[in-house]
Amino acid sequence: MESTPAAQGGVDNAAPLSQPQGLAFGAEEVQRRLLPFLTAGAATTKAARIGFLDEGNIFDAIRDIRDPEHPQHTLEELGVVQETCIAVIPSPLVGPRTRGALDPSGAAPALLPAHFVEIRIGFTPTVPNCSLATLIGLCIRVRLERDLEGLDIKLDIAVTPGSHATVDDVNKQINDKERVAAALENPALAQVVERSLRRLDPVC
């Protein structure tokens, strides 16, 4: 995941179109609405915390991420992320299970946690040649990994089909743990990520 021309000061989309959006929340309100289960006492079970997750809560977590190229706009404002492109898929069984037991192909069983949930997110860059698509996906991944730390989740983040010239390459990069870790070790990219993830209270 290399530093891109846009990340270095170039512009892919000089005049992005702002989209209609819902109610924007400040940092304190986001924390109150989205993450009460992360600050609850030890008596709160992991099952209860996982059960709180749905598409709306995940959207609330990422809607205010700032666009790396146009930080005056959020991903929601630019139509890059939408609640309709999010799916939260809980484990169908209670208790530890094996994927092999459900896979007729006879694949080697892999243990899954009792309260495992998969979160699938599609995002749409503002232009098909957006050089910051991987960086946007990285921002989404880092935000959710931080907000949902300690939960048994799998994140599958992908560019919506047909919305980018190199969909497959982008998807591989943002879902590869080693590439993600390497990108976050790059000081320039890490700075852009932190700037994009900074939660700001809305201007009155």
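The following questions and answers introduce the predicted model shown above.

Residues are numbered from 1 along each chain as its sequence is written, and side-chain values use heavy atoms, without hydrogens or water. In this predicted model, local features need pLDDT of at least 70 and side-chain atom pairs count only at pLDDT 80 or more, whereas totals for chains, interfaces and linings use all residues.

Reader: How many helices and strands does the protein chain have?
Author: Helices (H or I, at least four residues) and strands (E, at least two) are DSSP runs, numbered from the N terminus. From that end, the elements run α-α-α-β-β-α-β-β-α-β-α-α-α. The count for the protein chain is 8 helices and 5 strands.

Reader: Which strands stand at the edges of the open sheet of 3 strands?
Author: Strands pair if DSSP finds at least two bridges between them. The sheet has the order β1-β4-β5, with mixed pairing. Each edge strand has a single partner, so one side of it is left without a neighbour in the sheet; these strands are β1 (86-90) and β5 (153-159).

Reader: In β5, which residue is the bridge partner of Gly122?
Author: Strand β4 covers residues 117-123 and pairs with β5 in the parallel sense, over 7 bridges. Within β5, the partner of Gly122 is Ala158.

Reader: Which helix packs on the sheet, touching β1 and β4?
Author: Contact requires heavy atoms within 4.5 Å. Axes are lines fitted to C-alpha atoms, for helices over the stretch in contact, and angles run from 0 to 180 degrees between N-to-C directions. The direction of the helix in question makes about 130° with that of β1, and the helix is α3 (residues 55-62).

Reader: Which element gives the most to the largest nonpolar core?
Author: A nonpolar core is a set of buried (under 20% relative accessible area, 1.4 Å probe, protein chains only) Ala, Val, Leu, Ile, Met, Phe, Trp, Tyr and Cys residues joined through side-chain atoms within 4.5 Å. The largest one has 41 residues, and Phe123 and Ile140 are among those with the most contacts inside it. Several elements each supply at least two residues, including α3, β1 and α8 (187-197). The element that gives the most, with 8 residues, is α5.

Reader: At roughly what angle do the axes of α5 and α7 cross?
Author: The contact is made by Leu138, Arg141 and Val142 of α5 and Val180, Ala183 and Leu184 of α7. The axes come within 11 Å and cross at roughly 95°. Angles of 65 to 115 degrees count as roughly perpendicular, which makes the placing of α5 relative to α7 roughly perpendicular, with a crossing angle of roughly 95°.

Conventions: Buried means under 20% relative accessible area, exposed over 50%, partly exposed in between (1.4 Å probe, protein chains only). Angles under 35 degrees count as roughly parallel, over 145 as roughly antiparallel, 65 to 115 as roughly perpendicular and the rest as oblique.
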